[in-house]
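Reader: I would like to learn how to read a protein model step by step. Could you walk me through one?

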Amino acid sequence: MSKVFELNHPLIQHKLTLIRDKETGAKDFRDLVKEVSMLMAYEVTRDLPLEDVEVETPVCNATLKRISGRKLGIVPILRAGLGMVDGFLSLLPAAKVGHIGLYRDPKTLKPVEYYCKLPSDVEERDLLLVDPMLATGGSAIAAIGFLKDRGAVNIKLVSLISCPEGLKAVQDAHPDVDIYVGSIDEKLNEHAYIVPGLGDAGDRLFGTK
């Protein structure tokens, strides 16, 4: 079974509170999502392997540590996932960025892929699939499936806000994918919104209704 990591750093929790406030406008919302994403990137990459390298400092030669050549990829689920990309790239500027677009079929209610563009060497990369909200889990489950269909092996899911229903759904469908979240909220309501949540992340990011 995959692991769930709730990142309860005080800075993350503080900024999530500001993000949740309905009075926070689109510009501040975007800035805060970027900041929280950057803080989460620090935690999500905690297990990256290191290797020894020789470096000449202004004082002497030294054996020091650097990340051992792991290839990373950041894959936002369109459209709300776009808000998290810049925060991750702030710490991981060499990462490649892919995109997955999904919509929900109004008849079957199943996620349908309408766009997928990934790095050509996706099977060699550690992928961070990002989406601000993990509600029912349907979009995340489908996106992970699309990544696996294209050869991806190492995938982590990263969301700002989640709920028990969505976490369980993703774990049941993809027990090999660890999940990193800023908060595990109480539940889903009858409209499939997370409670207390923050509303529609895409609308709040881009100022749409």
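Author: We will go from the overall picture to single residues. Keep in mind that this is a predicted model.

Reader: Let us begin with the whole. How many helices and strands are there in the protein?

Author: The protein has 6 helices and 13 strands. Its radius of gyration is 18 Å, close to the 17 Å that the globule rule gives for 209 residues, so the protein is as compact as a globular protein of that length. Along the principal axes, the C-alpha trace spans about 65 × 40 × 30 Å.

Reader: What share of the residues count as buried?

Author: Of the 209 residues, 45% count as buried. You can also look at contacts along the chain: among those with a separation of 6 or more, 62% are between residues 24 or more positions apart. As for the outside, the accessible surface comes to about 11,100 Å², and 53% of that belongs to carbon and sulfur atoms.

Reader: And the charges? How many side chains are positive and how many negative?

Author: There are 26 positive and 30 negative side chains, and the centres of these two sets lie 3 Å apart.

Reader: Now I would like to read a helix. What should I keep in mind?

Author: An α-helix has 3.6 residues a turn, so residues three or four places apart point the same way. Now take H2, which covers residues 26-44. This helix has 19 residues and reaches 26 Å from its first C-alpha to its last, close to the 27 Å expected at 1.5 Å a residue.

Reader: Which residues of H2 are buried?

Author: They are Phe29, Leu32, Val33, Val36, Ser37, Met40, Ala41, Glu43 and Val44. The cover over the buried residues of H2 includes three helices, H1 (10-20), H3 (82-91) and H6 (201-206). Strands E8 (126-130), E10 (154-162) and E11 (178-184) are also part of that cover.

Reader: Can we look at a residue from one of those covering helices? Which residues does Lys15 touch?

Author: Lys15 is found in helix H1. Leaving out residues up to four places away in sequence, Lys15 touches Leu32, Glu35, Val36 and Leu39. The C-alpha atoms of Lys15 and Phe29 are 14 residues apart along the chain and separated by 9.8 Å.

Reader: Is Lys15 buried or exposed?

Author: The cut-off for buried is under 20% relative accessible area. Lys15 has 19%, so it is buried. Asp203, found in helix H6, also has a relative accessible area of 19% and is buried. Beyond its neighbours within four places in sequence, Asp203 is in contact with Arg79, Thr208 and Lys209.

Reader: How about the start of H2? Which residues does Ala26 touch?

Author: Ala26, in helix H2, touches Arg204, Leu205 and Gly207, not counting residues up to four places away in sequence. Ala26 and Arg204 are 178 residues apart along the chain, yet their C-alpha atoms are separated by 5.6 Å. With a relative accessible area of 26%, Ala26 is partly exposed.

Reader: Let me try a second helix. Which residues of H4 are buried?

Author: In H4, the buried residues are Gly138, Ala140, Ala142, Ala143, Ile144, Gly145, Phe146 and Leu147. H4 runs over residues 138-149, and its 12 residues reach 17 Å from first C-alpha to last, close to the expected 16 Å. After H4 comes Gly151, with a positive phi near 100°.

Reader: What about the backbone angles elsewhere?

Author: Most residues other than glycine have a negative phi, and most peptide bonds are trans. Ala192 is not a glycine, but its phi is positive, about 65°. Ala192 sits in the loop between strand E12 (187-188) and E13, and at 35% relative accessibility it counts as partly exposed.

Reader: Where can I find cis peptide bonds?

Author: One joins Leu78 and Arg79, with omega about 5°. Arg79 lies in the loop between strand E4 (72-78) and H3. Another runs from Val195 to Pro196, with omega near 0°, and Pro196 is in the loop between strand E13 (194-195) and H6.

Reader: Could we end with a strand? Which residues does Tyr115 touch?

Author: Tyr115 belongs to strand E7, residues 111-117. Setting aside residues up to four places away in sequence, Tyr115 touches Leu78, His99, Ile100 and Gly101. At 39% relative accessibility, Tyr115 counts as partly exposed.

Terms used: Residues numbered from 1 in each chain as written. Predicted model: local features only at pLDDT ≥ 70, side-chain atom pairs only at ≥ 80, totals over all residues. Heavy atoms only, no water. Helix = DSSP H or I, 4+ residues; strand = E, 2+ residues; numbered from the N terminus. Rg over C-alpha atoms; globule rule 2.2 N^0.38 Å. Buried < 20%, exposed > 50% of the residue type's maximum accessible area, 1.4 Å probe, protein only. Contact = heavy atoms within 4.5 Å. Areas by Shrake-Rupley, 256 points an atom, 1.4 Å probe, with all protein chains shown as cover. Lys, Arg positive; Asp, Glu negative; His and termini not counted. Charge placed at Lys NZ, Arg CZ, Asp CG, Glu CD. Expected span 1.5 Å × (residues − 1).
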